[in-house]
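Please examine the sequence and the structure shown below before reading on. The explanation that follows is meant to be read with both in view.

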Amino acid sequence: MNPVILKRPEHNISRKNISAAAIKVLYRLKDAGYTAYIAGGGVRDLLLERHPKDFDIATDATPNELRKIFRNCRLVGRRFRLAHILFRGEVIETSTFRAPAPHEDDKVSENTFRAEKDGLVVRDNVFGSPEQDAMRRDFTINALFYNIADFSVIDYAGGLEDLKKKIIRVIGDPDQRFAEDPVRMIRAARFAGTLGFEIEQKAYEAISRNRDKLELASQSRMYEEVQKLFFCGHAEQVFQCLEKTDLLHPMFHDFSHWIDEDKARHDWVIKTLQQMDRWRTAKLDVHPALLFALLFGEYHETLVKELVDSGHSPHDAATTAIHRHLRKVNERVRIPKTVMHQISDIMAHQLRFEKTKGHRPKRFMQSRGFLDAFLYFKISSKTQNRNLELLEFWETRRKQ
Ligand code: ATP
Ligand code: MG
């Protein structure tokens with residue numbers, strides 16, 4: 001199929017808005033005789049006049065050729081083999097154009113491609129043409145290329161039209177693409193929420209048929225994606241989209257059912273996410289532990305209270321209840337052990353805010369986990385309208 005091509009004067013992408021490191025890699029590849037494109041999210045965001053997080057490059061140079069061209073290059077990735085090219089402290093992810101998933105009876109070595117019986121792809125390193133590479137991507141708006149040779153934008157999948165219409169459309173058959181990689185469903189919700197786009201009807205219906213497949217996704221990839229969901233600066237809209245598509249249930253089973261029982265719980269989560277978004281807008285770094293502590297905060301407090309009521313000491317109840325819940329979360333979303341401990345520390349530390357006498361406040365303020373615990377205390381006090389005098393005490397102490 002012939003792609004739609006926008007020549008330089010027909011679009012708004014300027015090299016000024018592309019990182020110097022990415023430009024360098026693109027020109028080095030072009031000068032060595034290769035095709036070199038910016039691909040995916042970078043092109044999408046530039047066309048939308050948003051600030052891209054990073055620039056990924058797609059090329060016809062193979063990983064081994066890349067290693068010869070760039071000294072500062074590392075080959076990474078098991079599922080997709082790609083190159084990380086280091087330029088002045090910036091890592092530019094560069095991958096070779098990929099071919100479509102081969103049919104079962106095609107002879108391709110196990111090493112380059114492997115699909116499980118249920119269609120889940122676990123390894124694919126078959127190189128292809130730019131068109132094939134575009135059609136393997138998840139959504140039409142993520143399949144655009146920017147060609148450094150003539151500064152044109154190349155569209156094989158209809159992404160330019162969908163950018164205009166503000167639509168998240170799956171490339172190919174949504175049921176098949178979601179079965180191949182169930183994480184694409186939560187990516188759809190993330191892009192819809194972040195960009196303020198609608199998920200196209202067929203994709204939307206396919207999500208409702210395939211959402212239970214999320215349990216097949218790798219738990220560590222889920223952890224990466226979940227962080228992106230809530231750290232993107234549009235967590236509130238993303239969360240609403242996850243609820244609308246009913247993806248929250250397969251991700252966080254117990255927590256989402258607990259939310260469903262009471263509208264006030266839902267409002268608490270939304271307020272927390274609004275706070276996350278304010279922090280992102282202010283370009284503040286938020287620890288994953290603080291994010292999860294806040295997100296699950298009210299739910300964890302309910303679980304802790306149940307244990308205290310059944311005779312546990314408050315400190316013991318906090319650690320036991322929280323670890324019990326997080327171990328269940330881990331069946332779907334693998335939260336690293338250190339982060340799990342930090343989450344339960346934040347919660348266990350909350351008891352110390354009640355102790356305002358003597359040297360205790362000073363000692364607490366000098367301890368390692370204080371800042372995250374304090375941020376949790378502050379946000380939860382404000383959103384729940386409680387402990388306001390205590391909060392004032394601690395805010396005054398912090399200023400002294
Ligand atoms: P972000 O702004 O969050 O970085 P992005 O579109 O760049 O968004 P990445 O996760 O960085 O998303 O992936 C880069 C590109 O790789 C995507 O734009 C898309 O073309 C392709 N891609 C990523 N994940 C998948 C996937 N699961 N299936 C198919 N294509 C994917
Ligand atoms: Mg990206």
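The paragraphs below go through strand pairing, backbone conformation, salt bridges and surface charge in turn. The model is a predicted one.

The account begins with strand β10, which comprises residues 152-155. In a regular strand, side chains alternate between the two faces of the sheet. In β10, Ser152 and Ile154 point to one side and Val153 and Asp155 to the other, and all of these residues are buried. Both faces of β10 are therefore covered, since buried denotes a relative accessible area under 20%. Strand β10 has antiparallel pairings with β1 and with β9: 3 bridges join it to β1 (residues 4-6), and 4 bridges join it to β9 (residues 144-147). On the β1 side, Val4 has Asp155 as its bridge partner. On the β9 side, Phe145 stands opposite Ile154. Strands β9 and β10 form a hairpin with 4 residues between them, and Phe151 in this turn has a positive phi of about 60°.

The backbone angle of Phe151 leads to a wider point. Most residues other than glycine have a negative phi. Glu49, which is not a glycine, has a positive phi near 60°. The place of Glu49 is the loop between α2 (41-47) and β3 (56-59), and Glu49 is exposed, with a relative accessibility of 65%. Lys283 likewise has a positive phi of about 60° without being a glycine. Lys283 belongs to the loop that lies between α13 (263-281) and α14 (288-295), and its relative accessible area of 75% makes Lys283 exposed.

A further backbone relation involves strand β5 (residues 82-87), where Leu86 is found. Leu86 and Cys73 are 13 residues apart along the chain, and their C-alpha atoms are separated by 6.3 Å. Leu86 is partly exposed, at a relative accessible area of 43%.

Charged side chains come next. The structure holds 23 salt bridges. One of these joins Arg184 to Glu180, with an N to O distance of 2.9 Å. How accessible are the two partners? Arg184 is buried at a relative accessible area of 7%, and Glu180 is also buried, at 12% relative accessibility. Another salt bridge links Asp246 and Arg211, whose closest N and O atoms are 3.8 Å apart. Asp246 is in the loop between α10 (235-244) and α11 (248-251), while Arg211 is in the loop between α8 (201-210) and α9 (219-231), so the pair ties together parts that are 35 residues apart in sequence. Asp246 is partly exposed, with a relative accessible area of 26%, whereas Arg211 counts as buried at 17% relative accessibility.

Glu261 and Arg265 also meet in a salt bridge, at 3.0 Å from N to O. Here Glu261 is exposed, with a relative accessibility of 61%. Beyond such individual pairs, a network of salt bridges links Asp138, Arg187, Arg190, Glu225 and Lys228.

The last feature is a surface patch of positive charge, formed by Lys24, Arg28, Arg71 and Arg88. Among them, Arg28 is located in helix α1 (residues 20-31). Patch members must have over 30% relative accessible area and no salt bridge. Arg28 is partly exposed, with a relative accessible area of 36%, and therefore lies above that accessibility cut-off.

Key. Residues are numbered from 1 along each chain as its sequence is written. Chains are lettered from A and ligands numbered from 1 in the order in which they are written. This is a predicted model: local features need pLDDT of at least 70, side-chain atom pairs count only at pLDDT 80 or more; totals for chains, interfaces and linings use all residues. Side-chain values use heavy atoms; hydrogens and water are left out. Patches are made of residues with over 30% relative accessible area and no salt bridge: like charges are joined within 9 Å, nonpolar side chains (Val, Leu, Ile, Met, Phe, Trp, Tyr) within 5 Å. Accessible areas come from the Shrake-Rupley method with a 1.4 Å probe; for residues, only the protein chains shown count as cover. A salt bridge is a side-chain nitrogen of Lys or Arg within 4 Å of a carboxyl oxygen of Asp or Glu. Lys and Arg count as positive and Asp and Glu as negative; His and the chain ends are not counted. The place of a charge is taken as NZ of Lys, CZ of Arg, CG of Asp or CD of Glu. Helices (H or I, at least four residues) and strands (E, at least two) are DSSP runs, numbered from the N terminus. Buried means under 20% relative accessible area, exposed over 50%, partly exposed in between (1.4 Å probe, protein chains only). Two strands pair if DSSP finds at least two bridges between them.
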